[in-house]
Amino acid sequence: MMRCDPDVAPHPVPTRAAPWGDALMGRLLDVVLFAGLALVAGGIVWTLFTMNAPDVRTRDAAPPPAEDGATPGAVVPVDPRDLAPDADATDVVPVAPDALAGGESDAEGDSEADAEAAPEVDAVNEAENEADAGGDAEAAEGDAEADADGAGPDPTVPAAEAGTPAADDAVTLGRVGYTYVTGGAGACGVTLEAWRHVAVSRELLEAYGCGAELVLTLDAPVAGRERVEVIVGDTMNEAWSRTVNVYVGEDEPALEYGLGTGRLAPAGTD
């Protein structure tokens, strides 16, 4: 029986060498990868250098031939008649028959026509001014007659036909209504407050303007109020005239207040 000496190293086990085909395949893959990386890097570099490059023409490139008698590189004017769909039709220039017969120029004919039409234009403008003045006078007379008869104006007359009163005139109202305030803004851009802001028909808005301080006098007291100092904060449909809507609180019976009549006047004039 043989004794094994612990100080003596055992014989190493020989390893199997890699075949030559595997080593060649590894080298080939390395070459392919290196070539691919080189192509990608070259493409990136070429893109960076050619990006935003100007269009450089060669010296041998010849410019387009110029037209006969034109200087190369010069701007050649274009006849607008060449751009028209029908060149023959654009060659005809209209001429006033009066100018051919009397030898007058177009400018002289226009000046004489304007001079002859000026009195007619002035007459038309004067007639329109008189009509406007007459409409305002009729509106004032209508209010006065309504006061005398004890009946207010018809609120269903459109605002454009009712006439605009003067800014310092008191107006008899044909309709006074009441609506809830919601906390929003009216046509005048202000937040509406109860028993403080009112919506007026459009002819009254044109007369007094947004933010005007007015005094509303009710023919019949409503909610214990007969005379209310209000501010114009909103308007209404143009189908109404001589109409005021008073904004009241959400907890008030606005519908029970019904419709009434009254008078509207600038503050400090009544």
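**Entry 1: strand E1**

How many of the 10 residues of E1 are buried? I began here, keeping in mind that the model is predicted, and I found that 8 of them are buried, so E1 is largely enclosed by the rest of the structure. I then looked up the partners of this strand. E1 pairs with strand E6, residues 260-266, in the antiparallel sense over 4 bridges, and within that pairing Thr172 has Arg263 as its bridge partner. E1 is also joined to E5 by 6 bridges, and these two strands run parallel; here I noted that Tyr180 stands opposite Val248.

**Entry 2: the chain as a whole**

I stepped back to list the elements, and the protein chain has 8 helices and 6 strands. Read along the sequence, their pattern is α-α-α-α-α-α-β-β-α-β-β-β-α-β. Of the 270 residues in the chain, 23% are buried. The chain exposes about 19700 Å², and carbon and sulfur atoms supply 57% of that area. When I looked up contacts between residues at least 6 apart in sequence, I found that 77% of them join residues at least 24 apart.

**Entry 3: strand E2**

I turned next to E2, where I wanted to know which residues lie on each side. In a regular strand the side chains alternate between the two faces of the sheet. In E2 both faces are covered, since His197 and Ala199 on one side and Val198 and Val200 on the other are all buried. E2 pairs with E4 in the parallel sense over 4 bridges, and it is joined to E5 by 3 bridges, with those two strands running antiparallel. Val200 takes part on both sides of this arrangement: its bridge partner in E4 is Thr235, while its bridge partner in E5 is Val244.

**Entry 4: the nonpolar cores**

Which residues have the most contacts inside the largest nonpolar core? This core has 24 residues, and I wrote down Tyr178, Leu216, Val244, Val246 and Leu264 as the ones with the most contacts inside it. The elements that give two or more residues to this core are strands E1, E2, E3, E4 and E5 together with helices H7 and H8. Apart from it lies another core, of 5 residues, among them Leu192, Ala199, Met236 and Tyr247.

I followed Val244 further and, leaving aside its neighbours within four places in sequence, I found it in contact with residues including Leu173, Val176, Val198, Val200, Leu204, Leu216 and Leu264. I also checked Asn245, which is found in E5, a strand that spans residues 243-248. Is Asn245 buried or exposed? Its relative accessibility is 19%, and buried means under 20%, so Asn245 counts as buried. With the same neighbours left aside, Asn245 is in contact with Arg175, Gly177, Tyr178, Val198, Ala199 and Met236.

**Entry 5: aromatic rings**

A search of the whole structure finds 3 aromatic pairs. In one of these, Tyr178 and Trp195 form a tilted pair, with 6.1 Å from centre to centre and 50° between the planes. Tyr178 lies in strand E1 and Trp195 in the loop between E1 and E2, so the pair ties together parts that are 17 residues apart in sequence. Both of these residues are buried.

I then looked up Trp195 and Tyr257, whose ring centres are 6.4 Å apart and whose planes are at 55°, so this pair is tilted. It links distant parts of the chain, as Trp195 is in the loop between E1 and E2 and Tyr257 is in helix H8, 62 residues apart. Tyr257 is buried, as is Trp195. Ring pairs therefore appear in my notes as a cluster that links Tyr178, Trp195 and Tyr257.Two arginines also sit over rings: Arg225 lies over the face of Trp195, at 4.2 Å from the ring centre, and Arg175 lies over the face of Trp240, at 4.6 Å from the ring centre.

**Entry 6: the loop at Ala239**

Where is the place of Ala239? I found Ala239 in the loop between E4 and E5, and with a relative accessible area of 37% this residue is partly exposed. Not counting residues up to four places away in sequence, Ala239 touches Pro155, Thr156, Val157 and Pro158. I also noted that the C-alpha atoms of Ala239 and Ala159 are separated by 6.2 Å, although the two residues are 80 residues apart along the chain.

Conventions
Residues numbered from 1 in each chain as written. Predicted model: local features only at pLDDT ≥ 70, side-chain atom pairs only at ≥ 80, totals over all residues. Heavy atoms only, no water. Buried < 20%, exposed > 50% of the residue type's maximum accessible area, 1.4 Å probe, protein only. Contact = heavy atoms within 4.5 Å. Areas by Shrake-Rupley, 256 points an atom, 1.4 Å probe, with all protein chains shown as cover. Core = buried A, V, L, I, M, F, W, Y, C linked by side-chain atoms within 4.5 Å. Phe/Tyr/Trp six-rings, centres within 6.5 Å; stacked < 30°, edge-to-face > 60°. Lys NZ or Arg CZ within 6 Å of the ring centre and 35° of its normal. Pairing = 2+ DSSP bridges.
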